[in-house]
Amino acid sequence: MSVAFVTGANRGIGFELVRQLLEQNYTVHATYRSNRGGLEDLSHPNLHCHQMDVRESSQVKTTLERVSAPIDLLINNAGIADGRWASLEEIDFEIVSNVMEVNAIAPVRVTQCALPMLAKNGGKVVMITSLMGSIEDCASGRSYAYRASKTALNMFTTAMKSELQEVGVAVMLVHPGWVETDMGGPNAPLQASESVTGILTQIDGQTLATTGRFVDYAGNNLPW
């Protein structure tokens, strides 16, 4: 049975990833920071829930040590929004630092700790990123911290792809689309179930030969 490790799994896209992976007969290790959210009501013999703050190295290391089997799939989904400030003058740099820590640095931290377990099985690493991290696509601007954090995540992932490829681990950056979640808001045109079905299809097709690609949930290549 394949093993998946999903961060930020208590709601939205993360929760739907857990739900659909369980349907595909994965053993799923799902993490949440403080509130189990939807995981509270999701009872399944192959589901293991872990309280873990992705910003805390000791918690990440301890949590991964509890996973006894090699990991086939790591999905770095945990993320937060920024203040969407209307002007440069309004930017709160404490919020910026936290957004960068959670969205850009933490996925690298989790991947670093999980790498020995991923390499045992030739696993896959999926970074849930955003089209908002595309420099070419940044016509409207604003959302300073969120955009910058996803751009940084894209670069971290691109920088690590060759190193991971050498140990048999493939990586992929995927934009889930504008999804109706707490972060995406009620006006989003896409349901989490449709987005996640697409994401898992892209994961199934991911190989070492296509490692490092930046696509959306439907498999469309996105501009850097």
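1. Let's start with a loop. Arg 142 sits in the loop between S5 and H4. Its phi is near 60°, a positive value in a residue other than glycine. With a relative accessibility of 44%, Arg 142 counts as partly exposed, because that class lies between the 20% and 50% cut-offs. Keep in mind that this is a predicted model.

2. Now follow the chain onwards from that loop. Strand S5 (residues 124-128) and S6 pair in the parallel sense, with five bridges. To get from S5 to S6 the chain passes through helix H4 (residues 144-166), and this β-α-β crossover is right-handed. If you want one contact to look up, Val 174 in S6 is the bridge partner of Ile 128.

3. S6 also has a partner in S7 (residues 213-216): the two run parallel and are joined by four bridges. Here Leu 173 has Phe 214 in S7 as its bridge partner.

4. So how many residues of strand S6 (residues 170-175) are buried? Six of the six are, so the strand is largely enclosed by the rest of the structure. Side chains in a regular strand alternate between the two faces of the sheet. In S6, Ala 170, Met 172 and Val 174 point one way, while Val 171, Leu 173 and His 175 point the other way, and all are buried.

5. One more loop residue to check is Asn 25, which lies between helix H1 (12-23) and strand S2 (27-32). Asn 25 is not a glycine, yet it has a positive phi of about 70°. Its relative accessibility is 52%, so Asn 25 counts as exposed, the cut-off for that being over 50%.

How values were computed: Residues are numbered from 1 along each chain as its sequence is written. This is a predicted model: local features need pLDDT of at least 70, side-chain atom pairs count only at pLDDT 80 or more; totals for chains, interfaces and linings use all residues. Side-chain values use heavy atoms; hydrogens and water are left out. Buried means under 20% relative accessible area, exposed over 50%, partly exposed in between (1.4 Å probe, protein chains only). Two strands pair if DSSP finds at least two bridges between them. A crossover is right-handed if, with the strands pointing away from the viewer, the path from the first strand over the helix to the second runs clockwise.
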